[in-house]
Every structure is written in C-alpha cells, then in structure tokens.
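Me: I'd like a close look at one spot on the inside of this protein. Please start with a single residue and then follow its surroundings outward, step by step.

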Amino acid sequence: MFGGTQSVEFCLITVYAVSAYIERCINSVINQTYSPIECLLVDDATPDDSISKCERLIADYKGPIRFVILHHDRNRGLSASRNTGMDAATGDYVFYLDSDDELKPNCIEKMVRPIKSNPAIEMVLGNHEVYVQLKSGATTKKRQTHLPEGDYDTMEKVWNLYKKGGGFDGHAWNKLIKKDFLRQHRLYFKEGIMWEDMIWSFITVQHLSHLHVIPDITLVYYIRPESIMTGTSGKERSHHLEIVYEEIAKHFTEEDKGWEAKRNLSGFCSVLIYRYDSPFAQHTAQVFLEALSGRSYARERLYLKTVIFLSKFWLGRKIFAIARSTRKVIKGEK
C-alpha cells in the first residue's frame, strides 16, 4: 500500500488568524521522518499574515513533502475547510491537523507501520499531550492520554474502546484514516457549528471495523486563550451544543441506540437544564427518552425525566448544578 508514489494527505484545516502558531505547525510537518507526504493547507480567507508565513516557509523548503495551498473566497469555518481538504486529497490516507497544534517528528512514520503490516486497517490512533498556551507566550503541560497499544479488528471491539473514551472520542485530529473509508461512508463535517468533531466521531465509529492504537505520543494539542472555542460566549456555545446533540440523536443506530443515548446523556442534560426553553433542546430530549425506552435503561430514563422537570424551574436548575458539582468533587474531576 505504501511506497512508490503513494502518499499520506495532510489537511491543515482552517488556516485562519493563527499567525502566532502556523510556523510551528508547518515546521512540525517539514520535520517528519516519513515521506512521501502531500500537505494541503486550506486558507479560510484568513485576515492576517498566516498564509504569507506559510508561503515563505514553503518557498524555502527543499525536501520531499509536496505542499498545496487551497483558498476559500470567504471565511467558511473549520468544518468546511476540512471538507475542502477531503475533496482535494489524492493520497491513500488522511491526517487532520489543526493549524495551532504540532506533530511529533516521527508521528506519521509510527502510524504507518501497522498499516504496512495490515492494509485492512481503516484508522490508526496515537496518544497526545495537552498544553495550555498562556497569554505571555509560555506553555504549560496539562495532561496526556494513555491509550494502550492494541488491534481492534471488529466493530464490537472498536465500540468497546470508544465507550471507555480516554483520548479516542471527540476529536478528528491525531488519526491516520483511510481515505476510501471516509469517502465510502461520506464522513464529512457538519458545517457552521462548534464541536463538529463530536458528531463526526460518533458517526465515524458506527462504521469503523478495524482500528489500531499505538502507544506513542504523536501530537501536541494546544489550548490557547484566543481560539474560537475559548473566545465564544457561554450562551453561544450552549446553542451549538444543542445542535450537536440534536444531530447525534438523529443518528442513533436502531440495534444499539439505548447505549448510544446513555453515553451522551450526561452532556446533553447539562445543556438541557440551562436551555430548556429552546425548541432544539426540547425535541432532542424526546428523542433521548425514546432511545432509553427499554427496561435496561429505566434508571437513565428516570434521570432524564427528572432533569426535564427540574429545568422548568429556577430552583430546580440550581439543585441540578449543585448536585453535578458535588458529584465531580467526589469523583475527583476538574
């Protein structure tokens, strides 16, 4: 599968207002120990000099990586940029990389190894480190994931790993994915919303039948103060989460939708308790109730009904918030 003219596609998605970080990201691609790689950069009509910096780096680069810059005529967002990159990809595998993050030098080399042994693998997943980028420019390490190495060659095995979370769920980046698998199942990103990765990951796992996890740290993820997520109001983020859970609820599988609803129940209830007057939230609550209708999920259904009742009253919302905070303290969560 690899060798000759085969390539790995990079989609450096949403190059938008990342002037302070884009050189770090591009250099991490340039420093990869594996080749050939084709690197796609999607200029999402960035208003700053991010693309100019990319162009200067590419002009000075003399190595084996092929860089291609694609341009949007207007700002369309992260999802649209990733979709643009997917449609333009010509290699066999896709790796989504956010333009303010960076790769470890041997990231792709290590991810390609299991595929060389078994081309049937649809996705390779590595571990990652999380750093907080301070306004001063300094960074501090927050945590890292510890997914154990393993080959998950059935849908059931993949689902069981996904249930555990721990670094697998919720993000499109740090995964080397077979392009034909993505296109066959039309695994594009829903445009115009935040937390688009939650929907994409949820639907992707429903089709994934062969995943390989490597134990290595392959990516550094940065949380920065001026990102789209951290710079958005709580009310707007809640509205986007309503849309996300609405979309997830529409894609419960018939044979296992009770578990899928249960897995997303806590997050959805946190949105519902503050946004019960929203038609989106009320409709999604009914979809969740239907999905939890079996006797195996009687406790979860009762919990959701209680939250629906409490959310109608100010005091009820306060009780829920206090109970949730207390539960986090008891479990040692931050």
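Reply: Start at M111, which is in contact with F95, V124, L125, G126, N174, K175, L176, I214 and T218, once you leave aside its neighbours within four places in sequence. Contact here means heavy atoms within 4.5 Å. Before going on, keep in mind that this is a predicted model, where local features need pLDDT of at least 70, side-chain atom pairs count only at pLDDT 80 or more, and totals for chains, interfaces and linings use all residues. Residues are numbered from 1 along each chain as its sequence is written, and side-chain values use heavy atoms, with hydrogens and water left out.

M111 is found in helix α4, residues 107-117. (Helices are DSSP runs of H or I with at least four residues, strands are runs of E with at least two, and both are numbered from the N terminus.) M111 counts as buried because its relative accessibility is 0%; buried means under 20% relative accessible area, exposed over 50%, and partly exposed in between, using a 1.4 Å probe and protein chains only. One of its partners, K175, is 64 residues away along the chain, yet the C-alpha atoms of the two are separated by 8.5 Å.

Now follow K175, since F168 touches it too. Apart from neighbours within four places in sequence, F168 is in contact with M123, L125, L147, V158, L161, Y162, K175, V205, L208 and L211. F168 also belongs to the largest nonpolar core, which has 60 residues. A nonpolar core is a set of buried Ala, Val, Leu, Ile, Met, Phe, Trp, Tyr and Cys residues joined through side-chain atoms within 4.5 Å. Along with F168, the residues with the most contacts inside this core are Y96, L182, W200, L211, F288 and L304. Helix α9 (residues 257-272) gives the most to the core, with seven residues. Apart from this core lies another, of 36 residues, including V15, I30, C39 and F67.

K175 and F168 show up together once more, this time around a hole. The structure holds one cavity of 30 Å³ or more, and the largest cavity has a volume of about 40 Å³. (On a 1 Å grid, a cavity is a set of points where a 1.4 Å probe fits but cannot get out, and lining residues have an atom within 4 Å of a point.) The lining is made up of M123, Y162, F168, D169, K175, W200, S201, T204 and V205. Five of these residues are nonpolar, two polar and two charged. Helix α7 gives the most to this lining, with four residues.

One residue of that lining, T204, sits in α7, which spans residues 196-207. T204 is buried because its relative accessible area is 1%. Not counting residues up to four places away in sequence, T204 touches M123, F181 and L187.

From α7 you can step across to helix α3 (residues 78-88), where S79, A80, S81, R82, N83, G85 and M86 are buried. These buried residues pack against α7, and also against β1 (8-15), β2 (37-43), β4 (93-98) and α6 (179-184). Strand β4 is the place of D98. D98 is buried, so a charged side chain is no bar to that label here: its relative accessible area is 14%. Leaving out residues up to four places away in sequence, D98 touches C25, L78, R82 and W173.

Between α6 and α7 there's a loop, and I193 lies in it. I193 counts as buried, at 10% relative accessibility. Beyond four places in sequence, I193 touches I199, H240, I243 and V244. I193 and H146 are 47 residues apart along the chain, and their C-alpha atoms are separated by 29 Å.

For a contrast, look at R143 in strand β7 (residues 139-144). R143 is partly exposed, with a relative accessible area of 45%. Its contacts beyond four places in sequence are E129 and V130. R143 and V130 are 13 residues apart in sequence, but 5.3 Å apart in space, C-alpha to C-alpha.

Last, a word on confidence. The chain averages a pLDDT (the predictor's confidence in each residue, from 0 to 100) of 87, and 91% of the residues score at least 70. Over residues 329-334, though, pLDDT stays under 50, and the model has one contact beyond four places in sequence for that stretch.

Technical notes: 1 Å grid on protein atoms, 1.4 Å probe; cavity = no way out; pocket = protein on both sides within 12 Å on 5 of 7 lines; lining within 4 Å. Points joined across faces, edges and corners; volume = space filled by probe spheres on them. Nonpolar A, V, L, I, M, F, W, Y, C, P; charged D, E, K, R; others polar.
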